[in-house]
Amino acid sequence: MFAAGTLTGCALQELARDCGGTDGRVKEMAALGILDSRPGKATVARGFEEVDAGCWADSGDVAVYANRTYAFPGTQGEVAAHYRTAAARDGWNPDPEASSDDLCFVKEKMSLYIAFLTAEGLAEDGHGSRPDLTTGAGYSINVHSFVNSGVEAGC
């Protein structure tokens with residue numbers, strides 16, 4: 001939780017209380033097989049060797065998440081084709097609320113989406129210049145689920 005460093009003591013206590021008891025669910029999310037699925041020649045990006053998983057709380061909504069980042073020398077179209085097939089095989093369905101161009105899927109109470117990386121986005125997130133992630137189709141695969149709320153899965 002990189003944002004925790006900027007929160008006040010009261011906000012940190014509220015965040016800890018809201019995310020309390022989610023450790024098991026975070027571990028389940030991090031272990032989802034779809035996070036390890038990738039097109040041929042895709043590699044785990046340097047600096048992103050571990051699945052990034054955790055919990056966040058905002059305005060009463062509590063969500064668990066798991067993300068994986070890959071470098072891929074091919075095209076975004078190849079990534080899209082791979083995940084449309086892999087997601088369907090793993091029981092994920094296209095999110096009915098998303099456009100047909102979006103790589104967004106739902107399964108049970110979870111959402112899965114693929115985000116292509118840009119130099120600007122990487123710089124904003126503090127990852128500097130990363131030609132390995134912006135040449136070809138660098139991307140992240142992201143899964144999240146709201147915990148104990150009426151928020152529906154979706155992207």
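**Group meeting: a walk around strand β7**

Hi everyone, let's start in the middle of things, with strand β7, residues 139-147. All 9 of its 9 residues are buried, so this strand is largely enclosed by the rest of the structure. Please keep in mind that what you have in front of you is a predicted model.

Let me take the two faces in turn. On one side of β7 we have Tyr 139, Ile 141, Val 143, Ser 145 and Val 147, and every one of these is buried. Turn the strand over and you meet Ser 140, Asn 142, His 144 and Phe 146, which are buried as well. In other words, both faces are covered.

Now, which strands does β7 pair with? One is β3, residues 61-71, which runs antiparallel to β7 and is joined to it by 9 bridges. Another is β6, residues 110-116, also antiparallel, with 7 bridges to β7. If you'd like a landmark, find Ile 141 in β7: Arg 68 stands opposite it, and so does Ile 114.

From β6 we can step along to β5, residues 104-107. These two strands pair in the antiparallel sense over 4 bridges, and Val 106 stands opposite Ser 111 in β6. Together β5 and β6 make a hairpin, with 2 residues between them. Have a look at Glu 108 in that turn, since its phi is positive, at about 55°.

On to the packing. How many residues does the largest nonpolar core have? It has 29, and those with the most contacts inside it are Ile 34, Trp 92, Leu 112, Tyr 139, Ile 141 and Val 143. You'll recognise Tyr 139, Ile 141 and Val 143 from our tour of β7. At least two residues of this core come from each of α2 (23-30), β3, α3 (76-89), β6 and β7. Helix α3 gives the largest share, with 5 residues. There is also a second, separate core of 5 residues, and among them are Ala 45, Ala 71, Leu 122 and Leu 133.

Last stop, for contrast: Glu 120, in helix α4, residues 119-124. Is Glu 120 buried or exposed? Its relative accessibility is 55%, so Glu 120 counts as exposed, the cut-off for that being over 50%. Glu 120 lies 14 residues from Thr 134 in sequence, and their C-alpha atoms are 9.7 Å apart in space.

That's my tour, thanks for listening!

How values were computed
Residues are numbered from 1 along each chain as its sequence is written. This is a predicted model: local features need pLDDT of at least 70, side-chain atom pairs count only at pLDDT 80 or more; totals for chains, interfaces and linings use all residues. Side-chain values use heavy atoms; hydrogens and water are left out. Buried means under 20% relative accessible area, exposed over 50%, partly exposed in between (1.4 Å probe, protein chains only). Two strands pair if DSSP finds at least two bridges between them. A nonpolar core is a set of buried Ala, Val, Leu, Ile, Met, Phe, Trp, Tyr and Cys residues joined through side-chain atoms within 4.5 Å.
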